[in-house]
Amino acid sequence: MPPALPRPGSGPGSQYVTRVATARNRVPARVPLAALASRLTPRDQWLVRMVHEHRVLTTGQIHRLAFSARRRAQRRLLVLHQLGLLDSFRPLTTYGSSPEHYTLGPAGAALLAAHADCPPKALGWRPTHTARIAFSPSLGHDLATNDLLVRLAAHRRTHQAGLTLWLSASSCERRWGDLVHPDAYAHWSDGDQTLPFFLEYDTGSQNLARVEAKLDAYAHFTTTTRDRPALLLHTRTASREHAIRQRLTNTARQHELFLATASADLTADTPWGPWWLPAHPPALRLTLTELAAHWPDLSPAPNLEPMEIGTPLALPVPPLPSAATEGCT
């Protein structure tokens, strides 16, 4: 295991430590990549791609997305960890214990690189990959963003509505980095209603002037591309949402942005519910499906087709594994 990076003195990264090498032993000898072909299910391969796309997912998040029982998820994740497809660390908490946090492992990087016919470095993977995520100052923000979208995606396992597309911040950067830098882009679909949206997950670490400046970039995006996805701004507290609405509502109206806000004090376990308050036209708090009907002029962002490099890694990863893989052990 590579040496751990210095732990930040403050911030989310200061509360996380990587696994010690003896905590979860890998198989004694590295399994040849070709030998994994007979051991990996389609769901395993989807999961490796999903973890790469979104950088870090917890046991609970993976359970919601891909497994019918938490224990089944834990058993399979342990196998994938032992094979080196996934790496993991566990947060250090003051009380109790935290779930395992999974990242892309060395064999997983090799597998994806083989699919894409490129070296693992081209994926952005390095031997220090897990340590850099574990000690990243943005870890808390990334986990919160992923958790919100995992709940929206997993809703489709048992209901008609859910996410049909979910791009990470890095995928958004590849497509629209010269215009905007959202935390995610996704499509919420419910029957004949679809809500394409950019997500900004606000943790309160940025001052209001900097948050307001982001609206200029989204307005420029709309002007440049002629496409109009919604902008959902999610805060951690109701008081922060109130402050942001006081600062941003007039700006959103001037730019004619389809902006709606909500806070974790409301969304809790049901972020698809009636918690989203549009900036304009005036309305009560609405569900995501109602937002789509409230803004009939929405249109999806461009460049959702395969990227020009033409590799499987440039394709959006489905938010859920194929239904055909659900029964895989």
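These legends describe close-up views of one predicted model.

**View 1. The whole chain, a predicted model with eleven helices and ten strands.**
The chain has 329 residues, and 52% of them are buried. Take the contacts between residues at least 6 apart in sequence: 67% of these join residues at least 24 apart. The mean pLDDT is 88. A pLDDT of 70 or more is reached by 86% of the residues. Residues 1–23 fall below 50. Beyond near neighbours in sequence, that stretch still has 52 contacts in the model.

**View 2. The open sheet of six strands.**
The strand order is 5-6-7-8-9-10, and the pairing is mixed. Strand 5 and strand 10 (277–278) stand at the edges. Each has a single partner strand, so one side of each lacks a neighbour in the sheet.

**View 3. Helices packed on the sheet.**
Helix 6 covers residues 139–154 and lies across strand 5, strand 6, strand 7 and strand 8 (230–235). Helix 6 runs at about 160° to strand 7. Helix 8, residues 208–225, also packs on the sheet. Helix 8 touches strand 7 and strand 8. The direction of helix 8 makes about 145° with that of strand 7.

**View 4. Strand 6 between strand 5 and strand 7.**
Strand 6 spans residues 184–190, and six of its seven residues are buried. Strand 5 (residues 162–168) runs antiparallel to strand 6, and six bridges join them. Within this pair, L165 stands opposite H187. S168 has A184 of strand 6 as its bridge partner. On the other side, seven bridges join strand 6 to strand 7 (residues 193–202). This pair is antiparallel too. Y185 is bridged to F198 in strand 7.

**View 5. The hairpin turn from strand 6 to strand 7.**
Two residues lie between the strands. G191 sits in the turn. Its phi is positive, at about 65°.

**View 6. Strand 9, with five of its five residues buried.**
Strand 9 covers residues 259–263. In a regular strand, side chains alternate between the two faces of the sheet. Here L259, T261 and S263 point one way. A260 and A262 point the other way. All of these residues are buried, whichever way they point. Strand 8 and strand 9 run parallel and are joined by five bridges. L232 stands opposite A260 in strand 9.

**View 7. Helix 2 crossing helix 3.**
Two packed helices are described by the angle between their axes and the distance between the axes. The axes of helix 2 (residues 59–66) and helix 3 (residues 70–82) come within 9 Å. They cross at roughly 110°. Helix 2 is therefore roughly perpendicular to helix 3, because angles of 65 to 115 degrees count as such. The crossing is right-handed. Helix 2 makes the contact through T59, G60, I62 and H63. Helix 3 supplies R70, A73, Q74 and L77.

**View 8. Helix 1 crossing helix 4.**
Helix 1 spans residues 42–54 and helix 4 spans residues 106–116. Their axes come within 10 Å and cross at roughly 100°. That makes helix 1 roughly perpendicular to helix 4. On the helix 1 side, the residues are Q45, V48, R49 and H52. They meet G108, L112 and H115 in helix 4.

**View 9. The buried residues of helix 4.**
A107, G108, A109, L111, L112, A113 and A116 are buried. The buried residues of helix 4 pack against helix 1 and strand 4 (101–104). Just after the helix, D117 takes a positive phi of about 55°.

**View 10. L112 in helix 4.**
L112 has 2% relative accessibility. It counts as buried because the cut-off is under 20%. L112 is one of the helix 4 residues that meet helix 1. L85 lies 27 residues away along the chain. The C-alpha atoms of L112 and L85 are separated by 9.8 Å.

Technical notes: Residues are numbered from 1 along each chain as its sequence is written. This is a predicted model: local features need pLDDT of at least 70, side-chain atom pairs count only at pLDDT 80 or more; totals for chains, interfaces and linings use all residues. Side-chain values use heavy atoms; hydrogens and water are left out. Buried means under 20% relative accessible area, exposed over 50%, partly exposed in between (1.4 Å probe, protein chains only). Two strands pair if DSSP finds at least two bridges between them. Contact means heavy atoms within 4.5 Å. Axes are lines fitted to C-alpha atoms, for helices over the stretch in contact, and angles run from 0 to 180 degrees between N-to-C directions. pLDDT is the predictor's confidence in each residue, from 0 to 100. Angles under 35 degrees count as roughly parallel, over 145 as roughly antiparallel, 65 to 115 as roughly perpendicular and the rest as oblique. A crossing is left-handed if the near helix is turned anticlockwise from the far one by less than a right angle, and right-handed if clockwise.
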